[in-house]
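Thanks for coming. I will go through one structure today, and you can follow along on the screen.

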Amino acid sequence: MGFLEVTQALLDGLWNTFLIFALTLVLALPLGLVISFGSMSKIKPISYIVKFFVWIIRGVPLMLQVIIIYYVPGMLFGVPVLSRFVAVIVAFVINYACYFSEIYRGGIEGIPRGQYEAAQVLGMTKWETFRTVILMQVIKRILAPMGNEVITLVKDTALARVIMVVEIIQAAQNFAAYGLMWPLFYTAVFYLAFVGVLTLLFGYLEKKLSYYKV
Amino acid sequence: MAFLEVKNLKKSFGSTKVLHGIDFSMEQGEVVAVIGASGGGKTTFLRCLNFLEIADEGTIEIDGGFSFNAEKKYTESEIREMILRMGLVFQSFNLFPQYTAFDNVFIPMKLRTVERHKKDKSFDLAAALEENRERARYLLCEVGLKDKMQNYPWQLSGGQQQRVAIARALAQNPDVLCFDEPTSALDPELTGEVLRVIKELKDKGCTMIVVTHEMEFARKVADRAIFFADGVIEEEGVPEKLFEHPTSPKTAAFLGHVNGSLNG
């Protein structure tokens with residue numbers, strides 16, 4: 001088993017890693033916004049329920065959540081309801097949406113009240129205020145914590161192998177059966193490259209938004 | 001009826017009564033200075049006039065403008081119509097940090113023009129927006145910021161930011177322009193430029209209510225001063241007279257305190 005063969009196998013695993021990463025991001029970013037609106041709701045019961053839910057999701061290890069979402073429907077209905085991959089995506093999206101929601105909430109609640117009041121006395125509607133005044137300030141405020149969370153997500157994808165979804169670590173471990181350990185260490189190169197690209201991307205976005213200060 | 005007429009305006013926050021029934025009126029072109037200690041209700045009064053707070057009781061009327069009665073229910077868009085008749089300049093400027101000085105003035109105007117165009121397609125949107133741009137440029141020149149139009153708020157001094165905020169408030173052409181301690185957040189050397197702008201607005205006939213701690217300014221610029229204490233208008237009159245010969249002991253005590261602290 002040569003270097004090229006291992007690299008090919010790891011790249012196959014990396015594709016799943018990337019799919020989990022991208023799908024989670026695409027679905028969890030908007031869902032997180034919805035959850036953050038829920039936790040900021042003026043209707044108290046809604047905000048309590050949402051905060052309780054966020055506490056559960058953030059309080060239980062993601063690995064356990066993946067296992068629960070994959071196995072529990074099967075235990076209750078007798079057959080596995082979800083495919084392994086879908087179970088991973090559902091667990092990741094819910095988990096990350098909750099983390100994102102707290103970042104959004106921090107960003108939105110951190111906007112000074114004066115910004116809303118200035119918009120109001122200028123005759124803006126609530127939607128105009130959010131769209132033209134608040135949104136860009138929130139984006140700037142949450143960029144750094146989002147960068148952190150997104151980088152964590154890259155490495156959390158390794159949890160998918162707990163229900164045998166073959167991502168890059170699992171792909172490397174398959175070689176361990178043949179007594180090969182180095183592919184496992186080799187995966188670090190791929191993670192570093194992946195995170196490196198993201199770091200550059202976030203650095204670029206930060207620079208793009210450096211023309212104003214909030 | 002006077003140009004702006006406020007009757008029996010009351011406002012409470014929870015169990016705390018802040019305004020106990022304010023009766024106030026002013027004529028077009030008049031400049032009124034509002035003075036008084038913190039917690040006296042000055043700011044709440046301005047906020048009620050601008051509908052940032054909705055009064056619990058009382059009426060606010062502008063001749064040929066709007067008539068607000070606290071007993072009636074208003075929709076959000078009806079409140080917005082009334083808000084647009086009033087202007088407010090904040091103590092802390094509250095410019096939008098992601099926009100240039102020009103856009104801070106232009107964008108709120110643009111939103112209203114676009115809204116108007118949605119209801120009434122008879123006018124040319126592009127031409128109307130060009131007029132808005134022209135007006136934004138004109139107003140920024142008026143407040144002395146011709147060279148700062150493309151600067152972002154963080155690139156401007158406090159005094160310059162406050163002048164942008166004044167231009168922004170003027171853009172909607174309010175019937176009455178209110179100032180909530182416009183110079184309190186400024187370094188002393190920057191207050192002059194803002195007060196000068198307010199003085200120039202008076203000379204152009206702008207109707208203004210200015211909450212201020214600048215007694216000298218109130219004396220020189222205001223046609224009338226009103227003294228707020230404990231949620232009522234304790235005393236009002238020509239600034240000279242009010243400052244020199246206050247009839248209420250509360251006014252005298254406040255003025256004595258202010259003068260004392262100035263001398264001390």
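**Contacts, surface and patches**

In chain A, take the contacts between residues at least 6 apart in sequence: 77% of them join residues at least 24 apart. Keep in mind throughout that this is a predicted model.

Next, the secondary structure. How many helices and strands are there in chain A? The count is eight helices and zero strands. Written out along the sequence, the pattern of chain A is α-α-α-α-α-α-α-α.

Now the overall dimensions. Along the principal axes, the C-alpha atoms of chain A fill a box of roughly 70 × 45 × 20 Å. Chain A has 214 residues, and 44% of them count as buried. The area that chain A exposes is about 11300 Å². Carbon and sulfur atoms supply 72% of that exposed area.

On to charge. Chain A carries 16 positive side chains and 10 negative ones. The centres of these two sets lie 10 Å apart.

There are two surface patches to show you, and I will start with the nonpolar one. Which residues make the nonpolar surface patch of about 830 Å²? They are L64(A), I68(A), Y71(A), V72(A), M75(A), L76(A), F77(A) and V79(A). One of these, L64(A), sits in helix α3 of chain A, which covers residues 62-77. Why can L64(A) count as partly exposed? Because its relative accessibility is 41%, and partly exposed runs between 20% and 50%.

The other patch is one of positive charge. On the surface, R131(A) gathers with K110(B), K118(B) and K121(B), so this patch draws on chain A and chain B. Where in chain B is K121(B) found? K121(B) is in the loop between α3, residues 101-119, and α4, residues 125-142. K121(B) has a relative accessible area of 58% and is therefore exposed, the cut-off being over 50%.

Last, a single residue in chain A away from the patch lists. T152(A) belongs to helix α6, residues 126-156. Is T152(A) buried or partly exposed? With a relative accessibility of 32%, T152(A) counts as partly exposed. As for its position relative to F3(A), the two residues are 149 residues apart in sequence. In space, T152(A) and F3(A) are 28 Å apart, C-alpha to C-alpha.

That is what I have; the structure is still up if you want to look at any of these residues.

Terms used: Residues are numbered from 1 along each chain as its sequence is written. Chains are lettered from A and ligands numbered from 1 in the order in which they are written. This is a predicted model: local features need pLDDT of at least 70, side-chain atom pairs count only at pLDDT 80 or more; totals for chains, interfaces and linings use all residues. Side-chain values use heavy atoms; hydrogens and water are left out. Patches are made of residues with over 30% relative accessible area and no salt bridge: like charges are joined within 9 Å, nonpolar side chains (Val, Leu, Ile, Met, Phe, Trp, Tyr) within 5 Å. Accessible areas come from the Shrake-Rupley method with a 1.4 Å probe; for residues, only the protein chains shown count as cover. A salt bridge is a side-chain nitrogen of Lys or Arg within 4 Å of a carboxyl oxygen of Asp or Glu. Lys and Arg count as positive and Asp and Glu as negative; His and the chain ends are not counted. The place of a charge is taken as NZ of Lys, CZ of Arg, CG of Asp or CD of Glu. Helices (H or I, at least four residues) and strands (E, at least two) are DSSP runs, numbered from the N terminus. Buried means under 20% relative accessible area, exposed over 50%, partly exposed in between (1.4 Å probe, protein chains only). Contact means heavy atoms within 4.5 Å.
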